[in-house]
Amino acid sequence: MGPRWIFLIAFALVFYGTGAAVIESFVNYASWPLIGADEFIAYHQFISPRVLTFLVAPLLLGTAFTILMLWSRPAAIPAWAVWAAIAAQAVVWVSTVTIQLPIQFQLSEQGLSVELIERLIQTNFWLRRIPYALCAGLFLWMAARVIGADGEKRVRRQPRRE
């Protein structure tokens, strides 16, 4: 698999993950206080494996492909941009493991807690959505560099019309 494909897969996964996480953060979490206390545990246990499959797994793959870009990336992408994207993703993963997952486990075991949901929403915004938005912005900038470099090559290759 060449540098272009590694970048394209990482780009696609980062943007897929960004969209899925925005829905999870701003739609799903915000609706949890509306779920009845009697139904909350069943709902939370129902949705959790689906979040792992359709959100967490693609995000993990996106991080793996971002790391692969350290060794194989289009020439137009500087190494510092990849390192910055990895750093942003690392903030997300450390926050997930140390803050958000323990909250999720508590919600799954104890049930509805508006206080825990508010803490989840707040920490999720600052420690996951902001860093991942920066990561997505970096990927957009990297894509612009790759597209710009490819466009310049095409212009140089075309014969001049006079």
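User: How many residues of the lining of the largest pocket are nonpolar, how many polar and how many charged?

Analyst: This is a predicted model, in which local features need pLDDT of at least 70, side-chain atom pairs count only at pLDDT 80 or more, and totals for chains, interfaces and linings use all residues. Residues are numbered from 1 along each chain as its sequence is written, and side-chain values use heavy atoms, without hydrogens and water. Ala, Val, Leu, Ile, Met, Phe, Trp, Tyr, Cys and Pro count as nonpolar, Asp, Glu, Lys and Arg as charged, and the others, Gly among them, as polar. The lining thus comprises three charged, eight polar and 13 nonpolar residues.

User: Which residues lie nearest the centre of the largest pocket?

Analyst: A pocket is an open set of points on a 1 Å grid over the protein atoms alone, where a 1.4 Å probe fits, with protein on both sides within 12 Å along at least five of seven lines; lining residues have an atom within 4 Å of a point. The lining has 24 residues, and those nearest the centre are Y29, V51, V56, L101 and Q104.

User: Which helices each supply at least two residues of this lining?

Analyst: Helices are DSSP runs (H or I, at least four residues) numbered from the N terminus. At least two lining residues come from each of α1, α2 (37-68), α3 (79-110) and α4.

User: Why does Y132 count as buried?

Analyst: Y132 is placed in helix α4, and its C-alpha atom is 8.5 Å from that of A85. Buried means under 20% relative accessible area, exposed over 50%, and partly exposed in between (1.4 Å probe, protein chains only). Y132 is buried because its relative accessible area is 3%.

User: Is I130 buried, partly exposed or exposed?

Analyst: I130 also belongs to helix α4. Its relative accessibility is 33%, so I130 counts as partly exposed.
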